[in-house]
Amino acid sequence: MTDLTAFAHGLPKAELHLHLEGTLEPDLKFALAERNGIELAEKTVDEVKATYDFTDLTSFLAVYYPAMRVLVTADDFHDLAWAYLQKAAAQGVVHVEMFFDPQAHTGRGVPFADVIGGYRRAVVRAERELGISAELIMCFLRDYSAEFAFATLMEALPYKQWILGIGLDSDERGNPPEKFAEVFARARAEGFLLTMHCDIDQPGSIDNIRTVLDEIQVDRIDHGTNIVEDPALVALAIERGLGFTTCPVSNSFVTEQMKADEIVGLLRQGAKVTLNSDDPAYFGAYVGDTYIALAEQAELTETDLVQFAINSFEASWLTPARRAAYLAAVADYAARHGVAMPAA
Ligand code: HPA
Ligand code: ZN
């Protein structure tokens, strides 16, 4: 392990762009298939990994959603989240706001209560056994109808106290943010914080980013680095202190590159850019690995990584007191390692 690797893994950080369904490692997939009596086409980990041949978001999603059929019972959802939380803790994660996709499960007959009940058990256990604060963000699948999203929001209301915010994921092509303007307005009125995916290099990326900022008025933006195409929008995002949850390793699977220039360029301008793993089981990197991958690609210093960790708490939806405590832990970690803090 180089010093940078140890430093990056130990650095206290929040993860803000993590799909729980994207943490399904092949080993757990086999175990759940066996437990639920489900026949899988692939028989070995290598055979599963051979299907991870993505060229863009659509081809990734075509592998991603069918894999979820092994998730059936509340225990399955608990086991999935618990496996992720243990790995995250080992890479310095002390706070995580995790996406889940209920429609990918209710759409095939799994009760909403089992999905959220299983995930919630892992959240409570993480706090108690790992000292991680964990929260859930419920995402709508944007390639389904606005009506289905609305029905899902209604189904979630009895569990409101377990859900911190609402997000939007899946295939952006042909499914712009305004399709969900009404349901997001209702979610806001119900008291949820809001975020939306603005995926990399989509047709109309910059228009979608503008809509998300001006009309939907999200509290954060997932990916969103195509904002560099419009410097006035970048200035607006910086003025608002808007958080960006970027995912460089994920970018390198669904586009030609990590988009390191865009990510680091935004960082240097003072945007609240954060680093995240997205779907670590599919892209082979958890969040600490992601810090290292970008550091190597863009020749970042330890101080840059500290800035990303600071941003992760500043862009989080923690209460002010908890945020301040985690920021103090970052400063303490940097001091103990003799690493300079970024200029304020
Ligand atoms: N974008 C859209 N949908 C997704 C993603 C993503 O990054 N990850 C999992 N579902
Ligand atoms: Zn994502």
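In this predicted model, the second largest pocket is lined by 13 residues, and those lying nearest its centre are K29, E42, V63, P66 and A67. The space in this pocket comes to about 180 Å³. By class, its lining divides into 9 nonpolar residues, 1 polar residue and 3 charged residues. Helix α4 gives the most to this lining, with 4 residues.

Helix α4, which spans residues 57-67, also gives the most to the shell around ligand 1, again with 4 residues. This helix thus appears in the description of two sites: it is the leading contributor to the lining of the second largest pocket and to the shell around the ligand.

Ligand 1 itself sits in the largest cavity. There are 13 residues around the ligand, of which S170, D199, H223, D278 and D279 come nearest. The shell is made up of 4 nonpolar, 5 polar and 4 charged residues.

Polar contacts to ligand 1 involve both side-chain and backbone atoms of the protein. In the side chain of H19, an N or O atom is 3.1 Å from a nitrogen atom of the ligand. A nitrogen atom of ligand 1 also lies 2.9 Å from a backbone N or O atom of S170, a residue that is among those nearest to the ligand. On the side of the ligand oxygens, one such atom is 2.9 Å from an N or O atom in the side chain of D278. On its own, ligand 1 has 260 Å² of accessible area, and the protein covers 98% of this.

The largest pocket holds about 210 Å³ of space. Its lining consists of 14 residues, and E127, S133, A134, E135 and R322 are the closest to the pocket centre. Three elements give two or more residues each to this lining, namely strand β2 (93-100), helix α7 (112-130) and strand β3 (133-141). Of the lining, the largest share comes from α7, which provides 4 residues. By class, the residues of this lining divide into 6 nonpolar, 3 polar and 5 charged.

The linings of the two pockets can be set side by side. For the largest pocket, the counts are 6 nonpolar and 5 charged residues; for the second largest pocket, they are 9 nonpolar and 3 charged residues. The leading element is α7 in the lining of the largest pocket and α4 in that of the second largest pocket.

Note on methods:
Residues numbered from 1 in each chain as written. Chains lettered and ligands numbered in written order. Predicted model: local features only at pLDDT ≥ 70, side-chain atom pairs only at ≥ 80, totals over all residues. Heavy atoms only, no water. Near = heavy atom within 4 Å. Polar contact = N/O pair within 3.5 Å; in protein donor to acceptor, adjacent residues only side chain to side chain. Areas by Shrake-Rupley, 256 points an atom, 1.4 Å probe, with all protein chains shown as cover. 1 Å grid on protein atoms, 1.4 Å probe; cavity = no way out; pocket = protein on both sides within 12 Å on 5 of 7 lines; lining within 4 Å. Sits in = over half its atoms within 2 Å of the grid points. Nonpolar A, V, L, I, M, F, W, Y, C, P; charged D, E, K, R; others polar. Points joined across faces, edges and corners; volume = space filled by probe spheres on them.
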